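User: I'd like to go through the reasoning behind some labels in this model. Could you walk me through them?

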Amino acid sequence: MERIFHYTITKTQEGITIYDFLRSLGYSRSLLLHLKRTPQGILRNGQNTFGSVLLQEGDCLDIRLVENISSQNIPPTPMELKILYEDEDILVLNKPADTPIHPSMGNYENTLANGVAHYYQSQGISFVYRCINRLDRDTTGALILAKHAYSAALLSAAMQRREIHRTYLALVQGLCPEYGVIDAPIARKDASVIEREVNLRTGAPALTRYECLAFHQGLSLVQLRLETGRTHQIRVHMKYLGYPLLGDYLYNPDYSRIGRVSLHSYQLDFCHPITDKPLCLTAPVPKDFLQAWE
């Protein structure tokens with residue numbers, strides 16, 4: 001993978017070092033070190049230069065980002081990928097159910113990472129797997145991958161600033177209130193490796209906004225927006241509220257209408273990390289989710 005960025009220095013940017021200029025654009029320390037080691041990684045007016053050089057108005061700065069090594073320990077596996085958006089910097093997928101996002105014990109070749117590795121290997125392109133918003137194994141929907149270290153750094157920073165807005169759909173038991181905010185800290189449950197709970201004493205801050213869109217045959221269709229990103233946040237918060245998600249093997253194992261947790265990452269709203277163009281990407285609702293609602 002090779003990506004080249006061009007910058008023209010303005011009057012207000014004059015007099016700072018190249019490294020300070022790049023840091024202001026979100027280049028991390030490790031990325032700057034990588035550029036330093038890359039042949040022609042940093043060019044000023046077409047010439048090799050040093051990061052300590054002071055910039056002048058009108059300077060043309062070319063940044064050459066090269067990544068030739070793919071992620072280790074991710075064997076490529078042929079897999080149908082549902083691509084919602086792709087360009088030189090990001091890849092947004094519609095993740096299916098029963099698909100972990102990265103390899104782990106017992107899941108070495110059946111993950112989304114394996115499918116992405118095969119997708120790029122088949123094109124002869126090196127690719128480091130960088131997942132920005134994480135989804136549980138059975139949660140479906142929109143998922144962002146960064147295609148290089150710079151877009152990853154910018155997207156991760158945007159996520160920390162809560163500038164990537166995530167909208168989910170869920171099917172919950174009971175007639176959910178019309179709308180509301182759940183502000184309840186979440187912690188790991190005692191004696192459990194994966195289960196979480198609301199714990200007012202030891203939990204980390206967690207905030208979820210919800211709106212009930214419809215009610216049908218004992219189920220509410222709920223739209224949710226995450227303000228924080230705690231593990232199992234929606235699942236734990238909705239159970240705490242008294243309206244657990246249908247098909248949730250940990251918090252409400254009712255499989256009468258669907259064989260998995262009824263949670264779908266429906267929409268992502270964010271600004272493109274490089275162009276700053278607003279993006280609104282929607283993942284079609286999967287068939288089993290629709291059937292459970294019928």
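Analyst: Happy to! A helix here is a DSSP run of H or I with at least four residues, numbered from the N terminus. Helix 4 is followed by Arg162, whose phi is positive, near 60°. Keep in mind that this is a predicted model.

User: How do you know that the length of helix 4 agrees with its number of residues?

Analyst: Helix 4 covers residues 149-160, which is 12 residues, and at 1.5 Å a residue it should span 16 Å. Its end C-alpha atoms are 16 Å apart, so the two values agree.

User: Why is Gly229 called buried or exposed?

Analyst: Exposed means over 50% relative accessible area. Gly229 has 58%, so it is exposed. You'll find Gly229 in the loop between strand 13 (219-226) and helix 5 (233-241). Its C-alpha atom is separated by 9.1 Å from that of Met159, 70 residues apart along the chain. Met159 is one of the buried residues of helix 4.

User: What makes Lys147 and Glu86 a salt bridge?

Analyst: The rule asks for a side-chain nitrogen of Lys or Arg within 4 Å of a carboxyl oxygen of Asp or Glu. For Lys147 and Glu86 the closest N and O atoms are 3.0 Å apart, and the pair forms a salt bridge. Lys147 lies in the loop between strand 7 (140-146) and helix 4, and Glu86 in strand 5, so the pair ties together parts 61 residues apart in sequence.

User: Why does Lys147 count as buried or exposed?

Analyst: Buried means under 20%, and Lys147 has 13% relative accessibility, so it counts as buried. Glu86, at 29%, counts as partly exposed.

Terms used. Residues are numbered from 1 along each chain as its sequence is written. This is a predicted model: local features need pLDDT of at least 70, side-chain atom pairs count only at pLDDT 80 or more; totals for chains, interfaces and linings use all residues. Side-chain values use heavy atoms; hydrogens and water are left out. Helices (H or I, at least four residues) and strands (E, at least two) are DSSP runs, numbered from the N terminus. The expected span of a helix is 1.5 Å times one less than its number of residues. Buried means under 20% relative accessible area, exposed over 50%, partly exposed in between (1.4 Å probe, protein chains only).
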